[in-house]
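Colleague: I would like to go through the terms used for this model and the values behind them.

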Amino acid sequence: MSTTRRKTTTTGHSAATSRTHVPAGTGARGGGAESVDPAELPVRPGEDPWTAAEVAELHAELASDLERLRAEIEASEAAIAGLMRDSNDGAGDDQVDAGTKNINRESELSLANNARDSLAQTERALARLEGLGFGVCESCGQAVGKARLQAFPRATLCVTCKAKQERR
């Protein structure tokens, strides 16, 4: 998945800049927490700089989230397949039974979709941590904040920009 942004330079000409999704583990720095220079990660004024231990902890958390989410998606897909198989066998079911099966199936589909969304966010956060752009707000370009990233490592917006986005 690749998106291209155009931005106008001070001379009024348009220059193409591109953002390319880099799969986790193949970041521009070679991949892994050991390749991340904590000094390169931005912090907000008043925050302590990142330490190698904090970056390693963040990387490990994201990596474990990847595994957990993949297992969760696999389990949801298996449950959905079972529910789809059982839905054709509705002979003798009353309306309540049919409704319950529909609710269960839609619930599992919703859980699987939420897990897929979280997986995509986690993969992107890990790629940004291993590559470029981790900790930089995608809207204003300022630091997202160390405390925010430690609480929610998949954050791509600073608190101010996230609040603006949610008001829309």
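The exchange below sets values against definitions.

Modeller: This is a predicted model, in which local features need pLDDT of at least 70 and side-chain atom pairs count only at pLDDT 80 or more, while totals for chains, interfaces and linings use all residues. Residues are numbered from 1 along each chain as its sequence is written, and side-chain values use heavy atoms, with hydrogens and water left out.

Colleague: Why is arginine 128 called buried?

Modeller: Buried means under 20% relative accessible area (1.4 Å probe, protein chains only), with exposed over 50% and partly exposed in between. Arginine 128 has a relative accessible area of 12%, so arginine 128 is buried. Among the other buried residues of α2 are Leu126, Ala127 and Leu129.

Colleague: What makes the link from arginine 128 to valine 136 a polar contact?

Modeller: A polar contact is a pair of N or O atoms within 3.5 Å; within protein, one must be able to donate a hydrogen and the other to accept it, and residues adjacent in sequence count only if both atoms are side-chain atoms. The side chain of arginine 128 reaches the backbone oxygen of valine 136 at 3.0 Å.

Colleague: Which residues does arginine 128 touch, leaving aside those up to four places away in sequence?

Modeller: With contact meaning heavy atoms within 4.5 Å, they are Gly133, Phe134, Gly135, Val136, Glu138 and Thr156.

Colleague: What span is expected for α2?

Modeller: The expected span is 1.5 Å times one less than the number of residues. Helix α2 has 36 residues and reaches 52 Å from its first C-alpha to its last, close to the 52 Å expected.

Note on methods. Helices (H or I, at least four residues) and strands (E, at least two) are DSSP runs, numbered from the N terminus.
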